[in-house]
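Grab a pencil and work through these exercises before you peek at the solutions. Everything you need is shown here.

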Amino acid sequence: EKGGFDWFMRKEIYEQPRAVADTLLGRYDSDGALTLDEIRISEAELRQIDKIVVIACGTSFYAGLVAKYAIEHWTRIPCEVELASEFRYRDPIVGPTTLVVTISQSGETADTLMAIRHAREQKARVLAICNTNGSTIPRESDAVIYTHAGPEVGVASTKGFLTQLVACYLLGLYLAQVRGTKYGDEIATIMHELEQMPALIQQVLDGIQPVLDLASEFADEPSVLFLGRHVGYPVALEGALKLKELAYIHAEGFAAGELKHGPIALIDHQLPVFVVVPPQGRDMLHDKVISNIQEVRARGAKTVILVEEGDEEVTPYADVLIRLPRVSTLLQPLVATVPLQVFACELATRKGHDVDQPRNLAKSVTVE
Ligand code: F6R
């Protein structure tokens with residue numbers, strides 16, 4: 001049932017091109033209109049929305065952090081992202097013109113479910129992004145976008161995460177279409193790029209050998225850092241979470257711009273630091289990350305750099321280069337996360353851990 005793989009997790013990592021393709025399937029018709037048929041909130045209501053609050057836990061929360069960048073950029077609707085376990089015990093400002101978006105692979109996470117009930121008591125509209133048909137969270141929501149990842153058996157979320165990202169992009173584009181903040185041809189360009197993603201994710205998997213080699217080299221490291229900016233920041237958080245939960249290695253993800261506000265004190269001789277470099281573009285982001293890399297390298301870190309093909313600016317400061325396909329900044333998490341998933345899976349395997357059932361963890365956290 002593992003299809004020749006040693007772990008469900010590894011199988012699920014390799015299913016990601018298919019999972020992403022399936023989640024995109026049938027959303028975009030030939031005359032260029034985006035339809036999300038499980039949305040049971042009228043277009044008129046969606047035009048009234050003046051605030052979006054994304055609520056989730058763990059890896060799904062990181063998908064929400066990526067969603068914020070895309071949704072605000074495309075729709076100009078203010079978007080907050082909050083951990084469900086925090087939201088449910090707060091006195092949040094939500095109401096009938098708030099769209100609460102919950103993200104849950106299992107659809108059964110207790111904290112997320114309680115957060116939905118808390119939001120609905122205050123008349124917020126709730127849209128669930130979920131991978132499990134008929135689970136509790138979509139049943140208690142006004143609308144659902146299903147991710148079509150297929151069953152995820154490994155405790156650590158992989159294809160669940162990538163398909164959640166796709167659903168968030170689709171939601172952002174749909175809102176932009178309904179509210180007229182993006183023109184049809186702009187939406188078409190982004191949809192076209194999304195449709196290329198399964199092939200690009202496959203390309204990352206086909207070239208994964210250097211990441212497997214890296215895992216054996218780093219198996220005895222006591223601590224690893226991950227840095228990113230913009231949508232690379234949630235990717236860094238996800239890379240760190242995967243390493244903690246599977247390899248039981250201390251790992252932290254930071255926004256690279258925060259380095260000098262504290263974390264740079266951690267940089268020590270030979271400390272492995274993974275850095276996600278944004279695509280080379282018109283903005284400053286790329287160059288800022290390069291200078292962050294120089295800062296940690298100058299203090300002795302061993303730098304593992306995830307960077308797009310053809311970008312040689314960072315090469316002098318990289319101990320290890322992991323090449324990513326060229327994509328636009330907002331979509332980069334779909335390709336940049338994959339090597340980090342493989343790295344954690346492989347490192348945990350080399351350490352002899354049970355990758356599918358890490359200690360102390362459950363697949364659905366149905367208790368608080
Ligand atoms: C990490 C992981 C967890 C889940 C979290 C939320 O690999 O799998 O952090 O993402 O427990 O679960 P769902 O998405 O089912 O609500």
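**Exercise 1: strand β8**

Phe226 has Phe274 in β8 as its bridge partner. Before we go on, a word on the ground rules: this is a predicted model, where local features need pLDDT of at least 70 and side-chain atom pairs count only at pLDDT 80 or more, while totals for chains, interfaces and linings use all residues. Residues are numbered from 1 along each chain as its sequence is written, and side-chain values use heavy atoms, with hydrogens and water left out.

Task: work out which strands pair with β8, and whether its residues are buried or exposed.

Solution. Start with the elements: helices (H or I, at least four residues) and strands (E, at least two) are DSSP runs, numbered from the N terminus. Two strands pair if DSSP finds at least two bridges between them.
- On one side, β6 (residues 223–228) runs parallel to β8, joined by three bridges.
- β9 also runs parallel to β8, and here there are five bridges. Pro272 sits opposite Lys302 of β9.
- Now the burial, where buried means under 20% relative accessible area, exposed over 50% and partly exposed in between (1.4 Å probe, protein chains only). Five of the five residues of β8 are buried, so the strand is largely enclosed by the rest of the structure.
- Pro272, Phe274 and Val276 point one way, Val273 and Val275 the other. That's the usual pattern: in a regular strand the side chains alternate between the two faces of the sheet.
- Finally, the connection: β8, helix α12 (residues 285–298) and β9 make a right-handed β-α-β unit. Right-handed means that, with the strands pointing away from the viewer, the path from the first strand over the helix to the second runs clockwise.

**Exercise 2: strand β4**

Task: do the same for β4 (residues 125–130), and say which way each of its side chains points.

Solution.
- Six of the six residues of β4 are buried.
- Arg125, Leu127 and Ile129 go one way, whereas Val126, Ala128 and Cys130 go the other.
- β3 (residues 98–104) pairs with β4 in the parallel sense over six bridges, and Leu99 has Arg125 as its bridge partner.
- β5 (residues 143–146) pairs with β4 in the parallel sense too, over four bridges; there Ile129 stands opposite Ile145.
- Between β3 and β4 look for helix α6 (residues 110–121): the three make a right-handed β-α-β unit.
- In the loop between α6 and β4 you'll find Lys123. Its phi is positive, about 75°, although Lys123 is not a glycine. At a relative accessible area of 58%, Lys123 is exposed.

**Exercise 3: two helices**

Task: find where α9 (residues 184–206) bends, and which residues of α10 (residues 209–217) are buried.

Solution.
- Check the span of α9, taking 1.5 Å times one less than its number of residues. Its 23 residues should span 33 Å, and the end C-alpha atoms are 34 Å apart, which agrees.
- The bend comes at Met197 and is about 40°, with Pro198 following within four residues. A bend here is the angle between axes fitted to the seven residues ending at a position and the seven starting there.
- Buried residues of α9 include Ile187, Ile190, Leu194 and Met197. Among the elements covering them are α4 (58–75) and α8 (159–179).
- In α10, Val211, Leu212, Leu214 and Ala215 are buried. They cover an arc of only 160° around the axis (taken from the directions from the helix axis to the C-beta atoms), which puts them on the same side of α10.
- An α-helix has 3.6 residues a turn, so residues three or four places apart point the same way.

**Exercise 4: His353 and Val314**

Task: which residues do His353 and Val314 touch?

Solution. Contact means heavy atoms within 4.5 Å, and residues up to four places away in sequence don't count.
- His353 lies in the segment after α13 and counts as buried at 19% relative accessibility.
- His353 touches Trp7, Leu246, Ala247, Tyr248 and Ala348. Ala247 is 106 residues away in sequence, yet 7.1 Å away C-alpha to C-alpha.
- Val314 is in the loop between β9 and β10, and is buried at 0%.
- Val314 touches Val277, Ile290, Ile293, Ile305, Val307 and Leu321.
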